[in-house]
Amino acid sequence: LEFRRVLFRSLEDAPRLFWENVVSTPENTPRTLPFDEAQKFGTKSTRVRINGGRVRLDNLFWTAPSLPELNLRLRAKAVVRGGSEGKAPEVLLRYNEHDLTQVYVSDPQDLHSFIICDPVDPAYQTGLTMDVHKKVRASLRARGKALKNRAESLGLRDRKSTRLNSSHVP
């Protein structure tokens with residue numbers, strides 16, 4: 001408490017008084033955004049394709065009713081420009097890696113309009129972080145590799161492959 005009342009040479013005032021008199025003027029008032037708006041800007045982004053009315057990132061899926069319409073509109077633009085090459089056009093996917101509950105999808109040419117997408121598996125994705133998701137996936141991969149190694153050690157894999165190979169011999 002005493003710190004706030006002590007005068008500083010560089011400020012020529014106590015920090016609290018300096019803030020009240022100089023910084024907290026209407027011109028210097030920090031702009032704030034509602035939480036939902038701030039979520040859109042505090043995100044990472046990547047380009048993905050819409051497939052079956054869903055977008056995918058690291059084996060997580062989100063959907064929204066307007067994704068198929070956006071996909072059709074972007075495909076029509078791509079055909080006119082001649083750049084689709086048979087693939088679905090890419091959209092910009094914005095996500096908060098600390099909360100993967102919702103993502104925001106937009107046309108790369110129109111970054112100001114967003115489609116809010118909800119998770120396909122809300123029981124898993126609600127409140128999920130990217131760090132936890134990567135740990136879960138690594139654990140599943142390790143478990144799958146252990147099962148594969150166990151099957152090979154028991155000879156289950158070899159028996160099946162030798163049976164297939166012997167059935168093809170003339």
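# A tour of the chain, element by element

From the N terminus on, the elements follow the order α-α-α-β-β-β-α-β-β-β-α-α-α. That makes seven helices and six strands in the chain. The model is a predicted one. Show the whole chain as a cartoon before selecting anything. Of its 170 residues, 25% are buried. The accessible surface comes to about 12,600 Å², and carbon and sulfur atoms hold 54% of that. Among contacts with a separation of 6 or more, 53% are between residues 24 or more positions apart.

**Stop 1: strand β4**

Select residues 90–96, which are strand β4. Is this strand enclosed or open? Six of its seven residues are buried, so the rest of the structure largely encloses β4.

Now add residues 44–49, strand β1. β1 and β4 run antiparallel and are joined by six bridges. To find the register, label Thr46 and Leu93: Thr46 stands opposite Leu93 of β4.

Next, add residues 99–107, strand β5. This strand also pairs with β4 in the antiparallel sense, over five bridges. Tyr95 has Val103 in β5 as its bridge partner. Follow the backbone from β4 into β5: the two strands form a hairpin, with two residues between them.

**Stop 2: a salt bridge between β1 and β4**

Keep β1 and β4 on screen and show the side chains of Arg49 and Glu90. These two residues form a salt bridge, in which the closest N and O atoms are 3.9 Å apart. Glu90 belongs to strand β4 and Arg49 to strand β1, so the pair ties together parts that are 41 residues apart in sequence. Glu90 is partly exposed at 34% relative accessibility, and Arg49 is partly exposed at 34% as well.

**Stop 3: the largest nonpolar core**

Select Val55, Trp62, Leu67, Val91, Leu93, Val105 and Cys117 and show them as spheres. The largest nonpolar core has 20 residues, and these are the members that touch the most other members. Which elements supply at least two residues each to this core? They are β2 (54–57), β3 (60–63), α4, β4, β5 and β6 (110–119).

Centre the view on Cys117. Not counting residues up to four places away in sequence, Cys117 touches Trp62, Thr63, Ala64, Leu67, Thr101, Gln102, Val103 and Val105. Val103 is also the bridge partner of Tyr95 met at the first stop.

**Stop 4: helix α4 and the loop before it**

Select residues 67–81, helix α4, and pick out Asn71 within it. Is Asn71 buried or exposed? With a relative accessible area of 12%, Asn71 falls under the 20% limit and is buried. Leaving aside residues up to four places away in sequence, Asn71 touches Ile50, Ala88 and Pro89.

Step back to Ser66, in the loop between β3 and α4. Ser66 is partly exposed, at 29% relative accessible area. Draw a distance from its C-alpha atom to that of Ile115: the two are 7.4 Å apart in space, with their positions 49 residues apart in sequence.

**Stop 5: the loop after β6**

Move to Asp121, in the loop between β6 and α5 (122–125). The relative accessible area of Asp121 is 39%, which is partly exposed. Another C-alpha distance can be drawn here, to Leu60: the separation is 8.3 Å, although Asp121 and Leu60 are 61 residues apart along the chain.

**Stop 6: helix α6**

Select residues 130–153, helix α6. Start with Arg137 and turn on the side chain of Asp58. The two side chains meet in a salt bridge, at 2.5 Å from N to O. This pair links distant parts of the chain, with Arg137 in helix α6 and Asp58 in the loop between β2 and β3, 79 residues apart. Asp58 is partly exposed, with a relative accessible area of 29%.

Another salt bridge joins the side chains of Lys135 and Asp131, at 3.4 Å from N to O. Both residues lie in helix α6, four residues apart, or about one turn of the helix. Lys135 is exposed at 53% relative accessible area, whereas Asp131 is partly exposed at 47%. In total, the structure holds five salt bridges.

Finish with a surface view of Val132, Val136 and Leu140. Together these residues form a nonpolar patch on the surface, with about 220 Å² of accessible area. Val132 lies in helix α6 and is partly exposed, at 40% relative accessibility.

Technical notes
Residues are numbered from 1 along each chain as its sequence is written. This is a predicted model: local features need pLDDT of at least 70, side-chain atom pairs count only at pLDDT 80 or more; totals for chains, interfaces and linings use all residues. Side-chain values use heavy atoms; hydrogens and water are left out. Buried means under 20% relative accessible area, exposed over 50%, partly exposed in between (1.4 Å probe, protein chains only). Two strands pair if DSSP finds at least two bridges between them. Contact means heavy atoms within 4.5 Å. Patches are made of residues with over 30% relative accessible area and no salt bridge: like charges are joined within 9 Å, nonpolar side chains (Val, Leu, Ile, Met, Phe, Trp, Tyr) within 5 Å. Accessible areas come from the Shrake-Rupley method with a 1.4 Å probe; for residues, only the protein chains shown count as cover. A salt bridge is a side-chain nitrogen of Lys or Arg within 4 Å of a carboxyl oxygen of Asp or Glu. A nonpolar core is a set of buried Ala, Val, Leu, Ile, Met, Phe, Trp, Tyr and Cys residues joined through side-chain atoms within 4.5 Å.
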